Amino acid sequence: MVADGKDYNVSKLELVNFPGGPHTFELAMKFCYGMNFEITAANAALLRCAAEYLEMSEDYREENLIARTEVYLNDVVVQSLEKCVEVLCTCENLPPIVEELGIINTCVEAIAMNACKEQLVSGLSTLDCNGESTELKTGCMEWWIEDLSVLRIDYYHKVITSMARIGVRPDSIVESLMHYAQISLKSIGKCQIWNPARPNSNFGTTENEQKTIVEALVNLLPTLKSSNVPLSFLFGMLRMAIMVEATVACRLELERRIAFRLEMASLDDLLIPSLRAGDSLFDIDTVHRILVNFLQQIEDEENEDSGGYESDGLASLGHGSLLKVGRLIDSYLAEIAPDPYLSLQKFIAMIETLPDYARVIDDGLYRAIDIYLKAHPMLSDHECKKLCKFIDCQKLSQEATNHAAQNERLPVQMAIKVLYFEQLRLKNALCGSSGDGFLSQKISSGVPSAAMSPRDNYASLRRENRELKLEISRMRVRLSELEKEQVVMKRGMMEKSGNGKTFFTSLSKGIGRIGIFSGPGGGKRRKPRGSEGKSGRSR
């Protein structure tokens with residue numbers, strides 16, 4: 001630099017963008033003048049970049065600073081996961097030259113390889129000693145997961161991608177993602193979630209970083225079939241994605257994963273707060289999309305399973321999951337119904353999305369609609385009728401029917417319909433039909449026509465099979481109600497007939513004491529003689 005300078009009397013040189021700053025330059029000068037110092041994981045990457053900047057190669061001296069730092073990185077750092085993480089942390093403040101030198105890729109591959117070795121060690125320990133395997137495995141997983149949480153998101157993304165490629169267990173990757181999200185996204189508080197009008201100026205940089213983190217973590221999630229990601233984590237990430245305004249693709253991916261196991265969700269999971277001003281308290285649109293995805297998956301599974309009907313009847317996986325989701329959505333509707341800002345269109349959209357065969361009984365739906373009518377007294381008669389038409393009076397239990405018959409919030413036509421079907425049910429119960437007429441009508445109406453195509457024929461039979469399953473479930477519910485009523489009636493009769501039972505018991509004991517076929521002497525029968533025998537028999 002002095003030789004290239006125009007002014008030979010220059011007394012000051014400026015090293016622009018020198019890697020590592022003055023401290024690293026001082027270490028390089030100590031190396032030049034033979035002063036001892038230690039190369040560590042904290043300064044190895046800095047010295048390597050500084051040596052490249054200062055052209056300290058083998059052309060000028062053997063074992064120059066470039067060679068010395070390369071030996072340390074390749075022989076010492078790559079053998080330890082902790083040292084690789086420390087080197088990556090020092091690379092965050094270095095110029096792009098650190099990427100060109102391959103230091104980052106070397107550390108990333110070394111971290112993935114060391115994690116894979118730890119996985120193999122824990123697996124061998126499981127085979128050797130079953131008693132201590134769980135603790136050892138958990139300990140091995142925890143220490144490297146904790147170490148990775150200090151990395152910047154771009155470096156962390158590289159590490160997890162390399163781990164997945166090498167073959168680290170998907171469950172371990174999921175646990176690492178959950179821990180990283182908990183550490184890096186903990187600054188998002190509940191006050192921000194429930195305050196849509198918060199100032200953006202204070203959180204601008206932080207929210208941009210958090211948006212990048214959320215999108216990167218969702219992109220790193222293993223495939224649905226390779227790992228079982230906890231639903232609570234998926235719902236938490238979905239709330240974060242909505243709050244930091246992540247991309248549409250990121251949110252749709254989370255909704256698709258949640259829909260894949262929606263039957264395992266809880267009511268609290270679905271209560272996602274809405275951040276749009278003037279909207280309802282809860283994010284109804286997101287839950288609606290999740291429900292649509294779930295129903296689409298159920299339909300796709302049924303279309304793939306074209307080899308006949310299930311042999312286990314109601315125990316089929318798709319139908320059981322659908323019934324669970326039906327109960328969950330009814331509970332969700334009842335929870336959001338008191339919201340004064342919830343529009344009728346959104347409420348009806350949630351109701352009609354779920355098919356009729358997803359509900360064995362309509363008690364939950366009736367309860368949700370009744371709560372909505374009570375919270376929105378300004379609805380017109382036309383809107384009330386439009387809402388109440390989704391209730392199937394034949395699918396209401398005895399308790400719900402009694403309540404609906406006396407409910408003044410329901411339209412008059414709805415109350416009359418409820419009373420009519422209640423009388424019809426009582427008539428069938430007295431006649432002993434127990435709904436056989438309705439069932440036979442369903443069976444007769446579902447006979448496929450010969451003019452139908454094979455595809456339509458199969459679809460009709462599958463729909464008929466679903467209706468039969470639903471009717472059997474409804475009959476079981478009705479049977480359980482009748483059994484409960486029978487037990488109550490029997491207990492009442494037993495209590496009322498307590499005195500009579502005592503009387504008949506004493507009478508039977510008295511009759512038992514009368515020896516009709518045995519005498520007092522011990523049971524031998526005495527032969528009658530003459531008139532004594534006749535008189536004895538007449539008596």
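Leaving aside neighbours within four places in sequence, with which residues is Leu333 in contact? The legends below take up this point and others in a predicted model.

**Figure 1. Surroundings of Leu333 in helix H16 of the predicted model.** Helix H16 covers residues 317-336 and includes Leu333. Apart from neighbours within four places in sequence, Leu333 is in contact with Phe347, Met350, Ile351, Arg359, Leu365 and Ala368. Its relative accessible area is 0%, so Leu333 counts as buried. Ile371 lies 38 residues from Leu333 along the chain, and the C-alpha atoms of the two residues are separated by 9.2 Å.

**Figure 2. Helix H18 and its buried residues.** H18 runs over residues 363-375. The 13 residues of this helix should span 18 Å at 1.5 Å a residue, and the end C-alpha atoms are indeed 18 Å apart, so the expected span and the model agree. Buried in H18 are Leu365, Tyr366, Ala368, Ile369, Asp370, Tyr372 and Leu373. Leu365 and Ala368 are also among the residues in contact with Leu333.

**Figure 3. Val218 in helix H11 and its contacts.** Val218 belongs to H11, which comprises residues 204-220. With a relative accessible area of 6%, Val218 falls under the 20% limit and is therefore buried. When residues up to four places away in sequence are not counted, Val218 touches Met237, Cys250, Glu253 and Leu254. Met237 is 19 residues from Val218 along the chain, with 7.9 Å between their C-alpha atoms.

**Figure 4. Helix H13 and its buried residues.** H13 is formed by residues 248-260. For its 13 residues, a rise of 1.5 Å a residue gives an expected span of 18 Å; the separation of the end C-alpha atoms is 18 Å, in agreement with this value. The buried residues in H13 include Cys250 and Leu254, both of which are touched by Val218. Glu255, Arg257, Ile258 and Ala259 of H13 are buried as well.

**Figure 5. Packing of helices H2 and H3.** The axes of H2 and H3 (residues 65-75) are 9 Å apart, and the two helices pack at an angle of about 150 degrees. This angle exceeds the limit of 145 degrees, and H2 and H3 are therefore roughly antiparallel to each other. The crossing of H2 past H3 is left-handed. On the H2 side, Ala44, Leu47, Arg48, Ala51 and Glu52 take part in the contact; on the H3 side, Leu65, Ile66, Thr69, Glu70, Tyr72 and Leu73 do so. H2, at residues 44-53, has the highest confidence in the chain, with a pLDDT of 95.

**Figure 6. Packing of helices H8 and H9.** H8 (residues 153-166) and H9 (residues 170-184) cross at roughly 170 degrees, and their axes come within 11 Å. The two helices are therefore roughly antiparallel to each other. H8 contributes Ile153, Tyr156, Ile160, Met163 and Ala164 to the contact, whereas H9 contributes Ile173, Ser176, Leu177 and Tyr180.

**Figure 7. Positive phi values at Glu63 and Glu245.** Most residues other than glycine have a negative phi. Glu63, however, has a positive phi near 55 degrees. This residue is located in the loop between H2 and H3, and its relative accessibility of 54% means that Glu63 counts as exposed. Glu245, likewise not a glycine, has a positive phi of about 55 degrees. Glu245 is in the loop between H12 (231-243) and H13; at 60% relative accessibility, Glu245 also counts as exposed.

**Figure 8. The whole chain and the confidence of the prediction.** The chain contains 25 helices and zero strands. Of its 539 residues, 39% are buried. Among contacts between residues at least 6 apart in sequence, 74% join residues at least 24 apart. The average pLDDT of the chain is 78, and 74% of the residues score at least 70. Confidence is lowest in helix H22 (residues 436-445), where the mean is 42. Residues 130-141 have a pLDDT under 50 throughout, and the model shows nine contacts for them beyond four places in sequence. Residues 190-205 also have a pLDDT below 50, with 14 contacts in the model beyond near neighbours in sequence.

Conventions. Residues are numbered from 1 along each chain as its sequence is written. This is a predicted model: local features need pLDDT of at least 70, side-chain atom pairs count only at pLDDT 80 or more; totals for chains, interfaces and linings use all residues. Side-chain values use heavy atoms; hydrogens and water are left out. pLDDT is the predictor's confidence in each residue, from 0 to 100. Helices (H or I, at least four residues) and strands (E, at least two) are DSSP runs, numbered from the N terminus. Contact means heavy atoms within 4.5 Å. The expected span of a helix is 1.5 Å times one less than its number of residues. Buried means under 20% relative accessible area, exposed over 50%, partly exposed in between (1.4 Å probe, protein chains only). Axes are lines fitted to C-alpha atoms, for helices over the stretch in contact, and angles run from 0 to 180 degrees between N-to-C directions. Angles under 35 degrees count as roughly parallel, over 145 as roughly antiparallel, 65 to 115 as roughly perpendicular and the rest as oblique. A crossing is left-handed if the near helix is turned anticlockwise from the far one by less than a right angle, and right-handed if clockwise.
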